[in-house]
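Reader: Could you take me through one part of this structure up close? I'd like to start with a single aromatic residue and follow its partners from there.

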2 protein chains.
Amino acid sequence: MHSFTEENYLKAIYKLTEQVGSEVSTNAIAEKMSTKAASVTDMLKKLSDKKLINYQKYQGVTLTSKGEKVALSVIRKHRLWEMFLLEKLDFKWDEVHDVAEQLEHINSDKLIEQIDKFLNYPKFDPHGDPIPDANGKIQAQKSKSIAHYIKNDVLVMTGVVDHTTAFLQYLDKTGIALGDEIKIKEVVFFDRSLQITINKKTTVFISNDVAKNILAIKK
Amino acid sequence: MHSFTEENYLKAIYKLTEQVGSEVSTNAIAEKMSTKAASVTDMLKKLSDKKLINYQKYQGVTLTSKGEKVALSVIRKHRLWEMFLLEKLDFKWDEVHDVAEQLEHINSDKLIEQIDKFLNYPKFDPHGDPIPDANGKIQAQKSKSIAHYIKNDVLVMTGVVDHTTAFLQYLDKTGIALGDEIKIKEVVFFDRSLQITINKKTTVFISNDVAKNILAIKK
DNA sequence: AAATAAATTTAGGCTAGTCTAAAAATAATT
DNA sequence: AATTATTTTTAGACTAGCCTAAATTTATTT
């Protein structure tokens, strides 16, 4: 297997690649990993020897498909553990990250598949980020705030941007929950507030400020 | 915090101390840790510098109260995770150990307290071994097989020795489960079979062979 | 009590991952 | 195009944990 450190480098490279869309620089990795460029270079050589990254001196790096598979597996575990901590163990939003950073390196296929089952196979974590499946396949579309969608779009609520209890309570009261179907009935021109239908039943109005904090994907 | 390796050494020393009842030898630790005596000596120096063990060259080691606290915390986590895997994630007996060995090193007070709560604060793991509480306090008595007890003893069922599905199914059918009150009504002299009352309700007969595989403590 | 055997420690070396300081390569500026 | 600035890599060193081989201490026999 791969060491914790190797896994963390691969995850960092994956996420940086997502952001920049091309080769990732040594300095960018160093910053993300809170380490020094020289240390990164050492690790890049090792990962390259193991065929986990494509690396040529001074040219930046990309993941090989083998490396990407490892990264996606770590991300899958991270997101499922976050879900588990939040939903089953009453963790608060600001408490989950550090623990999930540790749990994501636990090596046991059975463990993570059972956690997945226990959570009833969620497709998105509550940040709206997609959870890769056991084969590393990832839902093509990423969640966007519902402020980005247009009239008549039919969506699935996948997460929130603002995780304060105040906001979560507002959602609760309004009757919007993870997994709900949301249809955009109307976009009010002058303030971009929305009229939406939840699960084909109730119809509510929400401000643009609220809309910006609700994540969804097209159904 | 302490490294995984340090935690594993402390746990090994704790368990060996339980077995031998006095100072633990370098060789015994080496064998338990599947490593070489020279490596153990190195680690003993480090643990001694950190005041986690009492160590004098050639004289064997004992844990300091600080070291014992760490060991008990690791054991607590190990036993709670085993419980969790077995009860909540449908793991089999032979599957839990390796994963619990990893999970026992996850560092988060909140995590382990929530797991404890989620399991409804078990006092014994299903081996019948006591689970230390959050302060490292451990139930004084260890579980013994009910074959050790005598007429009129009132017990709490804490675990099993034989974890085969065949035996577990037998217990299930007979109506004996973890946490049940078991009263020894009669010990048959010639074959040491038992008549027991479960939860003050049903009374059943079990052979000595079965009794030897059921763990309990005095109520 | 001396000699031998067993256990333990020291000495020196290895790998993974990190660091600082200096050298080399690439990018930006004049 | 030449110079300067930035980025990246190399060189050499450090710690944690591990190893083998040799030295030392303790235990056991004779």
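Author: Let's start with A:F118. In this predicted model, A:F118 has a relative accessibility of 25%, so it counts as partly exposed. The cut-off for buried is under 20% and for exposed over 50%, and that's why 25% lands in between.

Who does A:F118 pair with? One partner is B:F118: the two ring centres are 6.1 Å apart and the planes sit at 90 degrees, so this pair is edge-to-face. This pair crosses between chains, running from helix α6 of chain A to helix α6 of chain B, which covers residues 109–118. B:F118 comes out at 24% relative accessibility, so it's partly exposed too.

Now look for another ring beside A:F118. Over all chains, the structure holds 9 aromatic pairs. One of them joins A:F84 and A:F118, with centres 6.2 Å apart and planes at 45 degrees, so that pair is tilted. Why tilted? Stacked needs planes under 30 degrees apart and edge-to-face needs over 60, so 45 degrees falls into the remaining class. This pair links distant parts of the chain: A:F84 belongs to helix α4 (residues 65–88) of chain A and A:F118 to helix α6 (residues 109–118) of chain A, 34 residues apart. Is A:F84 buried or exposed? With 0% relative accessibility, A:F84 counts as buried.

Put the rings together and you get a cluster: ring pairs link A:W81, A:F84 and A:F118 with B:W81, B:F84 and B:F118.

While you're at helix α6 of chain B, find B:D116, which is found in that helix. B:D116 has a relative accessible area of 8%, so it is buried. What does B:D116 touch, leaving aside neighbours within four places in sequence? Its contacts are B:R76, B:L80, B:Y121 and B:P122.

Let's step back to see how the two chains are arranged. Chain B superposes on chain A after a rotation of 179 degrees with 0.1 Å of shift along the axis, and the RMSD is 0.1 Å. That's the relation of a two-fold axis. Which residue of chain B comes closest to the rotation axis? B:L103 does, with its C-alpha at 3.9 Å. And 100% of the interface residues of chain B are also interface residues in chain A, so the copies meet through the same surface.

Both chains also take part around the DNA. There are 22 residues around DNA strand D, and the ones that come nearest are A:Y55, B:S3, B:T35, B:S39 and B:K46. Of the strand's atoms that come within 4 Å of the protein, 80% belong to sugar and phosphate. You can pick out some individual contacts there. A:Y55 has a polar side-chain atom 2.4 Å from a phosphate oxygen of DNA strand D, and B:S3 likewise has a polar side-chain atom 2.4 Å from a phosphate oxygen of that strand. With A:N27, a polar backbone atom is 2.8 Å from a phosphate oxygen.

Which elements give two or more residues to the surface near DNA strand D? Chain A gives α2 (26–32) and α3 (37–49), while chain B gives α1 (4–20) and α3 (37–49). The largest share, 5 residues, comes from α3(B). Sorted by class, that surface has 8 nonpolar, 9 polar and 5 charged residues.

Conventions
Residues are numbered from 1 along each chain as its sequence is written. Chains are lettered from A and ligands numbered from 1 in the order in which they are written. This is a predicted model: local features need pLDDT of at least 70, side-chain atom pairs count only at pLDDT 80 or more; totals for chains, interfaces and linings use all residues. Side-chain values use heavy atoms; hydrogens and water are left out. Copies are superposed by least squares on the C-alpha atoms of residues with pLDDT of at least 70 in both. Contact means heavy atoms within 4.5 Å. A residue is near a molecule or strand if one of its heavy atoms lies within 4 Å of it. A polar contact is a pair of N or O atoms within 3.5 Å; within protein, one must be able to donate a hydrogen and the other to accept it, and residues adjacent in sequence count only if both atoms are side-chain atoms. Helices (H or I, at least four residues) and strands (E, at least two) are DSSP runs, numbered from the N terminus. Ala, Val, Leu, Ile, Met, Phe, Trp, Tyr, Cys and Pro count as nonpolar, Asp, Glu, Lys and Arg as charged, and the others, Gly among them, as polar. Rings of Phe, Tyr and Trp (its six-membered ring) pair if their centres lie within 6.5 Å; planes under 30 degrees apart count as stacked, over 60 as edge-to-face and the rest as tilted. Buried means under 20% relative accessible area, exposed over 50%, partly exposed in between (1.4 Å probe, protein chains only).
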